[in-house]
Amino acid sequence: MNYRYLSEADASQYRLLRLNSLQTDPNDFASTYDRESEFPIGKFKVRLENSVTYFTIGAFDEGTLVCIATFYSETLEKIKHKGNLVSVYCHPQYRHQGIARQLIQQIIDSLVEQNTVKTINLCVLSENKRAISLYEKLGFKRYGTEPKALYDGSVYYDEDLMCLEL
């Protein structure tokens, strides 16, 4: 498995995996397949414009993107010590192999090395026990729950709020 920062050159593969995530696990994301499948490729390229405060890392199996995670840090002066882990997804065929865990650990290690971000926050569906277990193994702690955080048109979903202090 090869782990690296994604760039605009990865936009086509990123788009495929992102749309796959919205089909296989639609309740885990605020966006929808119908919405993002209409986006032009340029919208996905913009998402992969990396900086010190915003980046996406991917895991590749022989050149095929199979796992992604995005990090962005806050920019306002009083909260720039905080960042957010979002859009974490591993293709179902590659789950339970430690790929997502290693990917997120690389993000954590990179942030520790930079020494600017002190807290990483994330939101996860309260019913997504698999993901919650992964985050807890990485040291994240639940600090609250947002009731009715997502609504799919018929069901409301709560989200657990978790953080990792670096």
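Is Lys80 buried, partly exposed or exposed? I open with that residue and then turn to the salt bridges, one polar side chain and the pockets. Please keep in mind that this is a predicted model.

Lys80 is partly exposed, its relative accessible area being 40%. Its side chain meets that of Glu77 in a salt bridge, with an N to O distance of 3.2 Å. Glu77 itself counts as exposed, because its relative accessibility is 58% and the cut-off for that class is over 50%. In general terms, side chains of opposite charge can pair when their charged atoms come close.

Across the whole structure, the search returns 5 salt bridges. The Lys80 and Glu77 pair is one of them, and I shall discuss two others.

Consider Arg18 and Glu36. Their closest N and O atoms are 2.9 Å apart. This pair links distant parts of the chain: Arg18 belongs to helix α1, residues 11–24, and Glu36 to helix α2, residues 33–36, with the two positions 18 residues apart in the numbering. Both partners are buried: Arg18 has a relative accessible area of 6%, and Glu36 has a relative accessibility of 1%. There is also a network here, since salt bridges with shared partners join Arg18, Glu36 and Arg47.

The next pair is Asp25 with Arg95, where the closest N and O atoms are 2.6 Å apart. Why does this pair tie together parts that are 70 residues apart in sequence? Asp25 sits in the loop between α1 and α2, whereas Arg95 sits in the loop between β4 (82–90) and α4 (99–114), so the salt bridge spans that separation. Asp25 counts as buried at 13% relative accessibility, and Arg95 counts as buried at 18%. Both assignments follow because the cut-off for buried is under 20%.

I turn now to strand β4, which holds Asn84. With a relative accessibility of 13%, Asn84 counts as buried. Its side chain makes a polar contact with the side chain of Glu74, at 2.9 Å. If neighbours within four places in sequence are set aside, the residues in contact with Asn84 are Thr70, Phe71, Tyr72, Glu74 and Asn121.

Strand β4 appears again in the pockets. The largest pocket has a volume of about 1,100 Å³. Its lining comprises 42 residues, and those nearest its centre are Phe29, Ser87, Val88, Tyr89 and Tyr135. Which element supplies the largest share of that lining? The answer is β4, with 7 residues. At least two lining residues come from each of α1, α2, β3 (64–73), β4, α4, β5 (119–125) and α5 (129–137). By class, the lining divides into 21 nonpolar, 10 polar and 11 charged residues.

The second largest pocket has a volume of about 180 Å³. Among its lining residues are Leu22, Pro26, Asn27, Phe29, Ala30, Tyr33, Leu150, Tyr151, Asp152 and Tyr157. Its composition is 8 nonpolar, 3 polar and 1 charged. Phe29 therefore deserves a remark: this residue lies among those nearest the centre of the largest pocket, and Phe29 also lines the second largest one.

To close, I return to the paired charges. Arg18 and Glu36 form a salt bridge between buried partners, while Lys80, in its pair with Glu77, is partly exposed.

Definitions and conventions:
Residues numbered from 1 in each chain as written. Predicted model: local features only at pLDDT ≥ 70, side-chain atom pairs only at ≥ 80, totals over all residues. Heavy atoms only, no water. Salt bridge = Lys/Arg side-chain N within 4 Å of Asp/Glu carboxyl O. Helix = DSSP H or I, 4+ residues; strand = E, 2+ residues; numbered from the N terminus. Buried < 20%, exposed > 50% of the residue type's maximum accessible area, 1.4 Å probe, protein only. Polar contact = N/O pair within 3.5 Å; in protein donor to acceptor, adjacent residues only side chain to side chain. Contact = heavy atoms within 4.5 Å. 1 Å grid on protein atoms, 1.4 Å probe; cavity = no way out; pocket = protein on both sides within 12 Å on 5 of 7 lines; lining within 4 Å. Points joined across faces, edges and corners; volume = space filled by probe spheres on them. Nonpolar A, V, L, I, M, F, W, Y, C, P; charged D, E, K, R; others polar.
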